[in-house]
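Got your viewer open? Load the model and follow along, one selection at a time.

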Amino acid sequence: MNEKSVQRKWALVVAVLLTLASISQLAKGMNLSDSYGVGNVIGLIVFPAIFYYLAFKKKK
């Protein structure tokens with residue numbers, strides 16, 4: 001089994017903070033009737049995912 005370990009602690013901290021902010025934003029409720037609402041939801045998912053990727057990506 002391939003075990004992942006944290007390579008960049010700062011990226012993990014940023015990812016966790018963004019995840020908490022995203023959860024609180026989604027809990028407040030969002031207007032998905034226009035394209036800006038859909039883009040906001042995509043942004044709430046993509047930005048934390050990028051930082052999680054950076055946190056666990058192997059260093060060269």
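Before the first click, one cut-off: a residue is called buried when its relative accessible area is under 20%, exposed when that value is over 50%, and partly exposed in between. Keep in mind too that this is a predicted model.

**Stop 1: Ser22**

Select Ser22, which sits in helix H1. Buried or exposed? Ser22 has a relative accessible area of 8%, so Ser22 counts as buried. Now show what surrounds this side chain. Skipping residues up to four places away in sequence, Ser22 touches Leu44 and Pro48.

**Stop 2: Leu44**

Follow that contact over to Leu44, a residue of helix H2. Leu44 comes out at 15% relative accessibility, and because that is under the cut-off, Leu44 is buried. Which residues does Leu44 contact once its neighbours within four places in sequence are set aside? Select Ser22, Gln25, Leu26 and Met30 to see them. While you are here, try the distance tool on Asn31: its C-alpha lies 14 Å from that of Leu44, with the two positions 13 residues apart in sequence numbering.

**Stop 3: the whole of H2**

Zoom out and colour helix H2, residues 35-56. H2 has 22 residues, and from its first C-alpha to its last it reaches 32 Å, close to the 32 Å expected at 1.5 Å a residue. Next, highlight Gly37, Leu44, Pro48 and Ala55, the buried residues of H2. What do they pack against? Turn the view and you'll find H1 there.

**Stop 4: a nonpolar patch**

Now switch on the surface and select Leu32, Val38, Ile42, Ile45, Val46, Phe47 and Ile50. Together these residues make a nonpolar surface patch of about 640 Å². Pick out Ile45, which belongs to H2. Ile45 has 55% relative accessibility, so Ile45 counts as exposed. If you have Leu44 still highlighted, the two make a handy contrast: Leu44 is buried at 15%, whereas Ile45 is exposed at 55%.

**Stop 5: the aromatic pair**

How many aromatic pairs does the structure hold? There is 1. Show Trp10 and Phe51 as sticks: their rings meet edge-to-face, 6.5 Å centre to centre, with 80 degrees between the planes. The pair links distant parts of the chain, as Trp10 is in helix H1 (residues 9-28) and Phe51 is in helix H2, 41 residues apart. Phe51 has a relative accessible area of 22%, so Phe51 is partly exposed.

**Stop 6: Ala11**

Step along to Ala11, also a member of H1. Ala11 has 0% relative accessibility, so Ala11 counts as buried. With residues up to four places away in sequence left out, Ala11 touches Phe51, Leu54 and Ala55. For another distance, click the C-alpha atoms of Ala11 and Ile50: they are separated by 9.1 Å, and the two residues are 39 residues apart along the chain.

**Stop 7: Tyr52**

Go back to H2 and select Tyr52. At 30% relative accessibility, Tyr52 falls between the two cut-offs and is therefore partly exposed. Leaving out neighbours within four places in sequence, Tyr52 is in contact with Leu12, Ala15, Val16 and Thr19. To tie this stop back to the start of the tour, draw a C-alpha to C-alpha line from Tyr52 to Ser22: the line is 14 Å, for residues 30 apart in sequence.

**Stop 8: Arg8**

Finish with Arg8, in the segment before H1. Is this arginine buried or exposed? At 18% relative accessibility, Arg8 counts as buried. What does Arg8 touch, not counting residues up to four places away in sequence? Display Leu54, Ala55, Lys57, Lys58 and Lys59 to see these contacts. Two of those names should ring a bell, because you met Leu54 and Ala55 among the residues touching Ala11, which is buried at 0%.

Notes: Residues numbered from 1 in each chain as written. Predicted model: local features only at pLDDT ≥ 70, side-chain atom pairs only at ≥ 80, totals over all residues. Heavy atoms only, no water. Phe/Tyr/Trp six-rings, centres within 6.5 Å; stacked < 30°, edge-to-face > 60°. Helix = DSSP H or I, 4+ residues; strand = E, 2+ residues; numbered from the N terminus. Buried < 20%, exposed > 50% of the residue type's maximum accessible area, 1.4 Å probe, protein only. Patch = residues over 30% accessible without salt bridge, like charges linked within 9 Å, V, L, I, M, F, W, Y side chains within 5 Å. Areas by Shrake-Rupley, 256 points an atom, 1.4 Å probe, with all protein chains shown as cover. Salt bridge = Lys/Arg side-chain N within 4 Å of Asp/Glu carboxyl O. Expected span 1.5 Å × (residues − 1). Contact = heavy atoms within 4.5 Å.
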